[in-house]
Amino acid sequence: MKFLVLSDIHANSDALEKVLGEASSIGADLIVSLGDVVGYGANPRRCVELVEKYADIKICGNHDLAAIGETDTSNFNTIASISIEWTSHVLSEEDKELIGRYDPIVSRDGCLFAHSSPSAPLEWEYIYTTRQADRIFREFSERLIFIGHTHVPGIISYKNGQAPQVEHSPLVRLDPSLRYLVNTGSVGQPRDGVGAASFAEVDLGAGIIRMHRTPYDIMSAQARIRTEGLPEPLAERLATAK
Ligand code: ZN
């Protein structure tokens, strides 16, 4: 089985459409969205529509729930709050209903999918370190655990009783004696300095995880943000990927 895991689309339809184009050439059996379909970017309705059409498993992110008034936003900074208010105004009732059906966490066929830490899926803990990964590996038993939320892609491997290791290659051959925590990075607002959409391809038959980077029309996404009058840093950020 081959599947793709996407996260943090953030209403960037230019990036999402390029990724879905690549998805069809890869020929995946299943697409998983790890959430934050909306927020920050200027085309939330199109992104909700595409996720509904193409994603088989849909997880909710903090921005998704904020846009439908179902999570606390007191820790959102000014720009995030402005963007969520705008998003909530633009989304139709039907869009909000679809977002309201996204799951907080899903386990299927030895794979666990969550937006942030699976330990408390609606508390939005950012996972960056091998120490945090160690706790997650001990708490869950799935062989592959997929998360997003930080917008920084990365793979950490784990062998029972040993310290987790960071994998440095974007192509990892699955070792049957190891388990893996995969942060798929962000489709629509990467923060690792690479201005290209990030997502993961998993081929269980071939035993590989491949991290993809797909270039897209950043200037088009920026133009939409400016046209809608959203805060300028949201446009600039796409180019710097910070
Ligand atoms: Zn996000």
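Welcome to this structure, which is a predicted model. A good place to start is Asp8, a buried residue with a relative accessible area of 0%. His10 counts as buried too, at 1% relative accessibility.

**The zinc site**

Asp8 and His10 are among the residues that hold a zinc ion: its protein donors are Asp8 (OD), His10 (NE2), Asp36 (OD) and His151 (NE2), at 2.0 to 2.4 Å from the ion. Along the chain, these donors follow the spacing D-x1-H-x25-D-x114-H. What is the geometry of the site? The angles among the 4 donor atoms run from 85 to 178°, and the site of the zinc ion is irregular.

**A sheet with strand 3 and strand 9 at its edges**

Now let us look at the strands. As a general point, strands of a sheet pair through backbone hydrogen bonds, either parallel or antiparallel. One open sheet here is built from 6 strands in the order 3-2-1-11-12-9, with mixed pairing. Strand 3 (57-58) and strand 9 (171-173) each have a single partner strand, so they stand at the edges and one side of each is left without a neighbour in the sheet. Helix 1 (residues 13-26) packs on this sheet, where it touches strand 1 (2-6), strand 2, strand 11 (197-203) and strand 12 (208-214). The direction of helix 1 makes about 20° with that of strand 11. Strand 2 (residues 30-33) pairs with strand 3 in the parallel sense, over 2 bridges. In this pairing, Val32 stands opposite Ile57 in strand 3.

**A sheet with strand 4 and strand 8 at its edges**

Another open sheet of 6 strands has the order 4-5-6-10-7-8, again with mixed pairing. Which strands stand at its edges? They are strand 4 (105-108) and strand 8 (165-167), each with a single partner strand, so one side of each has no neighbour in the sheet. On average, neighbouring strands of this sheet are turned by 20° against each other, direction ignored. Within the sheet, strand 6 (residues 144-147) and strand 10 (residues 179-183) run parallel and are joined by 4 bridges. Leu144 stands opposite Tyr180 in strand 10. Helix 6 (residues 130-139) lies across strand 6, strand 7 (154-158), strand 8 and strand 10, and runs at about 55° to strand 7.

**Helix 7 and helix 8**

Gln222 belongs to helix 7 (residues 218-227). Is Gln222 buried or exposed? At 9% relative accessibility, Gln222 counts as buried. Leaving out residues up to four places away in sequence, Gln222 touches Ala235, Glu236, Leu238 and Ala239.

Helix 8 (residues 232-240) has Leu234, Ala235 and Leu238 as its buried residues. These cover an arc of only 100° around the axis, which puts them on the same side of helix 8. Helix 4 (78-90) and helix 7 are included in what covers them. After helix 8 comes Ala241, whose phi is positive, near 55°.

**An exposed loop residue**

Our last stop is His168, in the loop between strand 8 and strand 9. His168 is exposed, with a relative accessible area of 75%. The C-alpha atoms of His168 and Gly39 are separated by 30 Å, and the two residues are 129 residues apart along the chain.

Here are the accessibility values of some residues met along the way:

| Residue | Relative accessible area | State |
|---|---|---|
| Asp8 | 0% | buried |
| His10 | 1% | buried |
| Gln222 | 9% | buried |
| His168 | 75% | exposed |

Conventions. Residues are numbered from 1 along each chain as its sequence is written. This is a predicted model: local features need pLDDT of at least 70, side-chain atom pairs count only at pLDDT 80 or more; totals for chains, interfaces and linings use all residues. Side-chain values use heavy atoms; hydrogens and water are left out. Donors are N, O and S atoms within 2.8 Å of the metal (3.2 Å for Na, K and Ca); water is not among the atoms, so sites may look incomplete. Four donors count as tetrahedral if all angles lie between 85 and 135 degrees; four count as square planar and six as octahedral if opposite donors are over 155 degrees apart and all others between 65 and 115; anything else is irregular. Buried means under 20% relative accessible area, exposed over 50%, partly exposed in between (1.4 Å probe, protein chains only). Two strands pair if DSSP finds at least two bridges between them. Contact means heavy atoms within 4.5 Å. Axes are lines fitted to C-alpha atoms, for helices over the stretch in contact, and angles run from 0 to 180 degrees between N-to-C directions. The arc is that of the directions from the helix axis to the C-beta atoms.
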